[in-house]
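Open the model in your viewer and keep the selection panel handy. We'll go stop by stop, with something to pick at each one.

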Amino acid sequence: MASSTPASASAPERPQSLAQAVLSGGTSAALRVAQVVRRYPFPCLMALVLLLIGLGSGLADLVAPADPLAINPRERLFGPTTTYIMGTDALGRDVFTRVLYGGRASLGVSIASVGIAIGISTFVGLVSGAVSGWLDVLVQRIVDVLMAFPGLIIVISLTAFLGNSVGLLIVVIAIALLGAGIRVARAAAIQVSSQPYIEAARTLGAGQARIIGRHILPNAMPPILVIATAQLGIAILIEASVSFLGYGIQPPAASWGFMLGAEARIHMIEQPWLSVWPGLAIFLTVFSFNIIGDALRDAFDPRLRGA
Amino acid sequence: MRGYLLRRLLLAALTLLGISVLVAGMMRTLPGDVVDVLAAEAFYDDREKERLREELGLEDPFFVYFGKWLGAALQGDFGESLRTQRSVGDDLARRLDVTMELAILGLIIATTISVPLGILAALRRSQWPDYVARSIAVFALAIPGFWLATLAVVFGAKWFSWSPPLGYQPIWEAPFTNLQQMWLPALLFGLILAGVQTRILRTALLDVLRQDYMLTARAKGLSRLLLLRRHALRNSLIPFVTVIGVQFPVVLGGAVVFELIFALPGLGAYLLDGIANRDYVVVQAVNVWIAGAVIITNLLVDVSYGFLDPRIRVGA
């Protein structure tokens, strides 16, 4: 779609978007933050929520009130109490603690797989979009194959035969995300390549590598950043589905998906809270990523505002 | 149009070949040996292991193995299940019905929700109908389908004493019982899918609505309804249909989870059984079939472009 032009690449006489104003500096840091918050109150709130989830999960060792694996048969299947703010599971483990540790697993897997996917797809997409010719045709065919790749299904098939390895989970989720990533990066590269300043750089004698690295890459960044944010949410959902089916992160380690799986389903009638918390955690995280992604797109491309 | 179709068909075949190589390659590069995994669980001795390796073609170099597999697959022979000794092709054909029914019902429900919602949001942009529609869409995008389905099954049973009739009935034999079993998974599935669709339709419509030709048509005195139907909707159909195609791998992936939760004997359930039985032949076949279903859907989407947009029909 023509509408995904990176705004930061276009002529300076257009009124500056807030994102540009923020990036170009000129105001104090505090003022900039205030501006962003005023322009995007809800996305900022969701960013804060995400930050809390991220910190809580990342620092689970320090923050968690209990041991995620400590079993306490006498206090099993509690609802929320003052001691156990999210209650306890069938083995009497603290659910809040397990949600924190589960977040560490889910976020870790999704950040790692999106990192790999975006790194590769940026490189491949930009080169293919900028160089064109037979290489581009080949890449497009590969993207076709990757887009038809039923991610979730291949992830469970492979983890089932490989034994469950977190590394494998990360790699396969990354493969499932590659197609869309390459597509976006390539489209951005094609868009940027047609700009006069690329021609100018070429006239000045810049080589292909320099043009891609110094000129196309920075200007193609906005759409790539937007898709990366969206993919963080998708990766969380894939990981959760796989773990829900029991083929992802293995018990007794906690993960959001697994907590909703067999663990919660058996005791759902007895203790419905068990299936509320991890689901809510997944929902909030994915929701935040989506809202932030929308706001980023909005900030990078004012023409799409509200689109 | 014929050239266009032919080109698309060729590309689809190429993609299917590519994905078969990828799936087979991934299954082959698994560290260790599938036969060892199988043997450990079934207590095979060395001679049986040897026979199984031979039978699966694991002794051959990859491309010989793949060539043999492909040759058989092209004739509809996907091998025999290691566990049940039944023809995988026959089993797949039977189960494809269930999954396709779920996917198609889900897509119909999703479209029924997303089309009015998307139109409303685009026409009442930045007003409350837009905010409501967008909120619903963003919520639907972020809710894990398996969570929603589990909640529905458990609380349906707990609060309304409702549960789908046991024992799956094919739609061709007992349509009423079948729909009793299918409506809830299809509805939840549709709700989840409607999120992406609503967003895409809204964006596409907004894109069309600000085009100059819309202003021209309006200036010529076309009524708003006609304008919407003849110009705006028609032109936003391409991105909308594209997203249905792009969603399809997700749809089939989601079907696995929904089939598990609602105990429907579709491709997903077959795959999970295959995995639980370490049935290499079944797992590989299901993956290729699902990829095939995705590619055929995308082919249909590509073909529909030709009908939707005369420029594509002529240009390609």
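What follows is a walk through the chains, their interface and a few side chains.

**Before you click**

This is a predicted model, in which local features need pLDDT of at least 70, side-chain atom pairs count only at pLDDT 80 or more, and totals for chains, interfaces and linings use all residues. Residues are numbered from 1 along each chain as its sequence is written, chains are lettered from A and ligands numbered from 1 in the order in which they are written, and side-chain values use heavy atoms, with hydrogens and water left out.

**Stop 1: chain A**

Select chain A and switch to cartoon. You should find 13 helices and zero strands; helices (H or I, at least four residues) and strands (E, at least two) are DSSP runs, numbered from the N terminus. Of the 307 residues in chain A, 52% are buried. Buried here means under 20% relative accessible area, exposed means over 50%, and partly exposed lies in between (1.4 Å probe, protein chains only). Now look at contacts, meaning heavy atoms within 4.5 Å. Take those in chain A between residues at least 6 apart in sequence: 71% of them join residues at least 24 apart.

**Stop 2: the interface**

Show both chains and colour the contact residues. Chain B brings 56 residues and chain A brings 46 residues. Together the two chains bury about 4,500 Å², with 76% of it on carbon and sulfur atoms. Buried area is the accessible area (1.4 Å probe) that two parts lose on being put together, summed over both.

Which three residues should you pick out on chain B's side for the area buried against chain A? Try B:Met26, B:Phe146 and B:Trp147, which supply 14% of the area that chain B buries there, more than any other three residues.

Next, look for polar links. Two residue pairs between chain B and chain A are in polar contact, both at pLDDT 80 or more. A polar contact is a pair of N or O atoms within 3.5 Å; within protein, one must be able to donate a hydrogen and the other to accept it, and residues adjacent in sequence count only if both atoms are side-chain atoms. Several helices of chain B each give at least two residues to the side that touches chain A, including H1 (2-28), H7 (145-160) and H12 (280-308). By class, that side has 40 nonpolar, seven polar and nine charged residues. In this scheme Ala, Val, Leu, Ile, Met, Phe, Trp, Tyr, Cys and Pro count as nonpolar, Asp, Glu, Lys and Arg as charged, and the others, Gly among them, as polar.

**Stop 3: salt bridges**

A salt bridge is a side-chain nitrogen of Lys or Arg within 4 Å of a carboxyl oxygen of Asp or Glu. The count is eight over all chains, with one across the interface of chain B and chain A. Zoom to A:Asp294 and B:Arg199, whose side chains meet at 2.9 Å, N to O. This pair runs from helix H13 of chain A to helix H8 of chain B. B:Arg199 is partly exposed, at 23% relative accessibility.

Then select B:Asp91. Its side chain meets B:Arg86 in a salt bridge at 2.9 Å, N to O, and it also meets B:Arg94 in one at 2.7 Å. B:Asp91 is buried at 5%, while B:Arg86 is partly exposed at 45%. B:Arg94 and B:Asp91 both sit in helix H5 of chain B, three residues apart, about one turn of the helix. Shared partners join B:Arg86, B:Asp91 and B:Arg94 into one network.

**Stop 4: aromatic rings**

Colour the rings: there are 10 aromatic pairs over all chains. Rings of Phe, Tyr and Trp (its six-membered ring) pair if their centres lie within 6.5 Å; planes under 30 degrees apart count as stacked, over 60 as edge-to-face and the rest as tilted. A:Phe283 and B:Phe139 are stacked, at 5.2 Å centre to centre and 25° between the planes. The pair crosses between chains, from helix H13 (residues 277-300) of chain A to helix H6 of chain B. A:Phe283 is buried at 10%, whereas B:Phe139 is partly exposed at 40%. Add A:Phe42 and A:Phe287 to your selection, and ring pairs link these four into a cluster.

**Stop 5: two loops**

Most residues other than glycine have a negative phi. Select B:Ser126, where phi is near 60°, in the loop between helix H5 (88-123) and H6 of chain B. Finish at B:Ala263, with a positive phi of about 50°; this residue is in the loop between H10 and H11 of chain B and is exposed at 62%.
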